Every structure is written in structure tokens, then in C-alpha cells.
Amino acid sequence: KRSEKAQEVAEGLNKLRQLMHFLGLTKYKVLWEHAENHVKLDARDARGMEDETVGLPRASADKAGTTKAPELGQQTNHYVHSVFLAIVNLIGWFAANKSIPICAAVNQSLNEEQRETVLFRLLATPSDEIRNAIMECMDRIDTAELETEEMAQLIKLLEEQVNIGAGETEKVLSKVISLLTKLAMDNETEAGRVFRNDHGEAAVEEVADVLYRNALRRTNDDQE
């Protein structure tokens, strides 16, 4: 049964709290280091070499000389991307099945861990697949759980998109606009009121700008 499997997963992973720390938090560096080791081994296997310099981690160092993992916006390791995607999809599954008591408990636990803030930061990762998964996950999360700072991050995401036609950016932006629309139409929760009062004007401005630029892009495409 789904409930039994969910219970097993939730108990084994401390209601998914442990997994959250791989998403750019305290366990992110460890994840990246292991992933880079796999890249190095892949390179050696592909080239049939034992050269220790092949595939070494692409690291940066702080002033103390300590190796640092790349910022999320520069994270290109496909193994790291695979882990991010798996975790986001798992979070989304628990969000979609909140009618199951253990899933509701997991959602509450993740909300306390600033789930939405962590996921929004993860949007910086250069992967359309991850970004799409994040927005699908957000669509399953109750908008009443969004904080005002997280609403502002959604609007900023629209503002930062320069090339709407790049990759699957259009699909991601469509999901962002859909989520903003849900917030704007929410007349039952405090989140809806906060959104309209604090972010309504900025949201309308950014959504209108995205739609206008998209219309221009489609018009130019038709002329070609």
C-alpha cells in the first residue's frame, strides 16, 4: 500500500529532513565531492587512463584555501543534477498525497525546514528538467504555506528571465504565472491577502512584461 511505503520512506529519512540538506545546504558539498569522484572515474574509464589529473573536481577555494562546491548557478555535474531531481520529485510526491496522514506530517515537517525557500534557490541550477520539476512540485504545495519572501522570489524569477525562448524557459515561466494566479485568486487564506497587498502590483507588471515579450517573440517567428 502507498501509505505503508510512505511510512517506511518517511521514517527512514526523518520525514525527508535529511534529504533537504543536499539541496544547496549543509550536505551539498559532500554530495558534490562524491559526484565529482564519479565524473573522474567515468573519464578514466572512457579514456582507458590511470592519469590522476583526469576529471579532477572543478573546485574553487576561499581565502583560507578550503575547497568549495560551485554555487548552484554554476553547478553542471550531471550526477548532482540527478540527485537534485530525485529529491525534488520525492518532495512533490509527498505534497501530492497529503491526504495520507504520514504525507501530511512530512509536508508539515518540510514546511518547517523552509521547503519553498530551498526549492526557489534551487531554481538557479542550470537545468530545465530540475526547474520544471520544482515548479510542478510547487503546484502541489498549498499556496497558504507560502511566505511573503517566497512570493517575492517568484516575481523575481520572472524579472530575471532575459531569453524566454531558451530551452524550456517558457514552460517554467508558465508554471510560475499559474502559481501567481492561484495566489491572486486566493480569497480564503492570509497568503492570498498578503500577496495582493504586498506583491500584486509588481506581479502584474512582471507578468505583463513576460507576456508582451513572448508575444513579440512569436510574431517575429511567424515573420521568419
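This report walks through the fold, one enclosed helix, an aromatic pair and a cavity in a predicted model.

## The chain overall

Let's start with the layout. The chain carries ten helices and two strands. Reading from the N terminus, the order goes α-α-α-β-β-α-α-α-α-α-α-α, with the two strands coming after three helices in that run.

As for packing, 38% of the 224 residues count as buried. Take the contacts with a separation of 6 or more: 70% of them join residues 24 or more positions apart. The accessible surface adds up to about 12,500 Å², and carbon and sulfur atoms own 50% of that.

## Helix 6, wrapped up

Helix 6 covers residues 115-122, and seven of its eight residues are buried, so the rest of the structure largely encloses it. The buried ones are Arg115, Glu116, Thr117, Val118, Leu119, Phe120 and Leu122. Note that the list takes in Arg115 and Glu116 as well as Val118 and Leu119.

So what does the covering? Among the elements over the buried residues of helix 6 are helix 2 (17-20) and helix 4 (78-96). Helix 5 (101-112), helix 7 (128-140) and helix 8 (148-160) are also part of that cover.

## An aromatic pair

There are two aromatic pairs in the structure. One of them brings together tryptophan 93 and phenylalanine 94, with ring centres 5.2 Å apart and planes at 80°, which makes the pair edge-to-face.

Are these two partners buried or partly exposed? Tryptophan 93 counts as partly exposed because its relative accessibility is 31%, and that value falls between the 20% and 50% cut-offs. Phenylalanine 94 has a relative accessibility of 1%, so it counts as buried.

## The cavity

Rolling a probe the size of a water molecule over the atoms shows where empty space is left. Here, the structure has one cavity of 30 Å³ or more, and the volume of the largest cavity is about 40 Å³.

Which residues line the largest cavity? The lining is made up of Asp128, Arg131, Leu157, Gln161, Thr169, Val172 and Leu173. By character, that splits into three nonpolar, two polar and two charged residues. Helix 7 and helix 9 (169-184) each put in at least two lining residues, and helix 9 contributes the most, with three. Helix 7 thus turns up in two places: it belongs to the cover of helix 6, and it supplies part of the cavity lining.

Conventions
Residues numbered from 1 in each chain as written. Predicted model: local features only at pLDDT ≥ 70, side-chain atom pairs only at ≥ 80, totals over all residues. Heavy atoms only, no water. Phe/Tyr/Trp six-rings, centres within 6.5 Å; stacked < 30°, edge-to-face > 60°. Buried < 20%, exposed > 50% of the residue type's maximum accessible area, 1.4 Å probe, protein only. Helix = DSSP H or I, 4+ residues; strand = E, 2+ residues; numbered from the N terminus. Contact = heavy atoms within 4.5 Å. 1 Å grid on protein atoms, 1.4 Å probe; cavity = no way out; pocket = protein on both sides within 12 Å on 5 of 7 lines; lining within 4 Å. Points joined across faces, edges and corners; volume = space filled by probe spheres on them. Nonpolar A, V, L, I, M, F, W, Y, C, P; charged D, E, K, R; others polar. Areas by Shrake-Rupley, 256 points an atom, 1.4 Å probe, with all protein chains shown as cover.
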